[in-house]
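Here are my notes for you on this one, written as numbered points. Keep the viewer open and click on each residue as you read.

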Amino acid sequence: MTEQKHSINWVTFLLAWVAGYCDTATFVSGDSIFSAHVTGNFIVFAAQVSAGSTSATAWIKLITFPVFIVAVMAGGWLAEKTVKKYRILLAEGLILTACGITAFFLPILTSLEEKPVTYLIVMVTVLGMGLQNAFGKLFARETHGPTTMMTGNVTQAALDLGSIIRNGWQGNEVPVSGLKKQAVTIGGFLAGCIIGALVARWAGLSAIIIPGVAIVICYLQGEMSAQKEE
């Protein structure tokens, strides 16, 4: 069975949207923990420690780093075991969907305190984001660039914009094309951040179900399209 060829613009926008959404949702409702840009948790940890906080809530932010590493390693293993590169994203979608469902039902069905449930959901979300980062590195041509960290994308967009300002739009195809690509990535991430923040304020970490379901649906639609073409 062949794998459906996806639009690079759509894949880039969707993954950037998912990363922005999850990163903001866990920060807003997950004790200020980043799930996609995990090195940002070093900054939050350092800020809390410098403010005199020595509680477990500060130190637990560092756990995201080894969890992220394990997820990336798992993504590499999964890529070796299947010829379908998008299976990594399917795994991510299922993980995020499970996170949202668990966040909704676990406090109802158990007597666990809020903090352990919060950290459990956040760490599993980090697993999903680790898989997405692995996908971006292993299959770099499937997107316009990194979809979970925007600093490099913004830098490239600024360089392209500067070139266009200096030399004009005409006859400057490479910077113009690059700027359009970065607009897709950065725009998707920004949209995800805004929507993730709003939904997480209202629904808490159960909001994670939305990007999970979105990825699963897109994967299944691609599979059905591939079967019809055979």
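1. Let's start with Cys 99. This cysteine counts as buried, because its relative accessibility is 2%. Has it found a partner to bond with? Look at where the closest cysteine sulfur is: that of Cys 22, 8.3 Å from the sulfur of Cys 99, which is too far for a bond. A disulfide would need the two sulfur atoms within 2.5 Å.

2. Now try Cys 218. It counts as buried too, with 17% relative accessibility, since the cut-off for buried is under 20%. Cys 218 is in no disulfide either, and the nearest cysteine sulfur, again that of Cys 22, is 14 Å away. Across the structure, the disulfide count is zero.

3. A word on confidence before going on. What you have on screen is a predicted model. The protein chain averages a pLDDT of 88, and 91% of the residues score at least 70. Which elements sit at the two ends of the scale? Helix α1 (residues 8-29) has the highest mean pLDDT, 95, and helix α3 (residues 56-59) has the lowest, 78.

4. Stay with helix α1 for a moment and find Trp 17 and Tyr 21. Both are in this helix, four residues apart, which is about one turn. Both are also buried. A search of the whole structure turns up seven aromatic pairs. Trp 17 and Tyr 21 form a tilted one, with 5.1 Å from centre to centre and 40 degrees between the planes. Elsewhere, Tyr 86, Phe 135 and Phe 139 make up one aromatic cluster.

5. Next, the inside. How many residues are in the largest nonpolar core? It has 45, and Val 18 and Met 129 are the ones with the most contacts inside it. The elements giving two or more residues to this core are α1, α4 (64-81), α5 (87-109), α6, α8 (173-203) and α9 (209-229). Helix α1 supplies the largest share, ten residues.

6. Click on Met 129 and look at who is around it. Leaving out residues up to four places away in sequence, Met 129 touches Val 18, Ala 19, Cys 22, Ser 35, Ala 36, Phe 68, Glu 92 and Leu 96. You'll recognise Val 18 as the other residue with the most contacts inside the core, and Cys 22 as the cysteine closest to Cys 99 by sulfur.

7. Right beside it in the sequence is Gly 128, found in helix α6 (residues 114-138). Is Gly 128 buried or exposed? It counts as buried, because its relative accessibility is 0%. Not counting residues up to four places away in sequence, Gly 128 touches Glu 92 and Ile 95. Its C-alpha atom is 8.7 Å from that of Phe 68, although the two residues are 60 apart along the chain.

8. Last stop: Thr 147, which lies in the loop between α6 and α7 (151-167). Being in a loop, is it buried or exposed? Thr 147 is buried, because its relative accessible area is 6%, and the cut-off is under 20%. Its side chain makes a polar contact with the side chain of Gln 132, at 3.0 Å. Setting aside neighbours within four places in sequence, Thr 147 is in contact with Thr 12, Leu 15, Ala 16, Ala 19, Gln 132 and Phe 189. Ala 19 should look familiar, as Met 129 touches it as well.

Technical notes: Residues numbered from 1 in each chain as written. Predicted model: local features only at pLDDT ≥ 70, side-chain atom pairs only at ≥ 80, totals over all residues. Heavy atoms only, no water. pLDDT = per-residue confidence, 0-100. Buried < 20%, exposed > 50% of the residue type's maximum accessible area, 1.4 Å probe, protein only. Contact = heavy atoms within 4.5 Å. Polar contact = N/O pair within 3.5 Å; in protein donor to acceptor, adjacent residues only side chain to side chain. Phe/Tyr/Trp six-rings, centres within 6.5 Å; stacked < 30°, edge-to-face > 60°. Core = buried A, V, L, I, M, F, W, Y, C linked by side-chain atoms within 4.5 Å.
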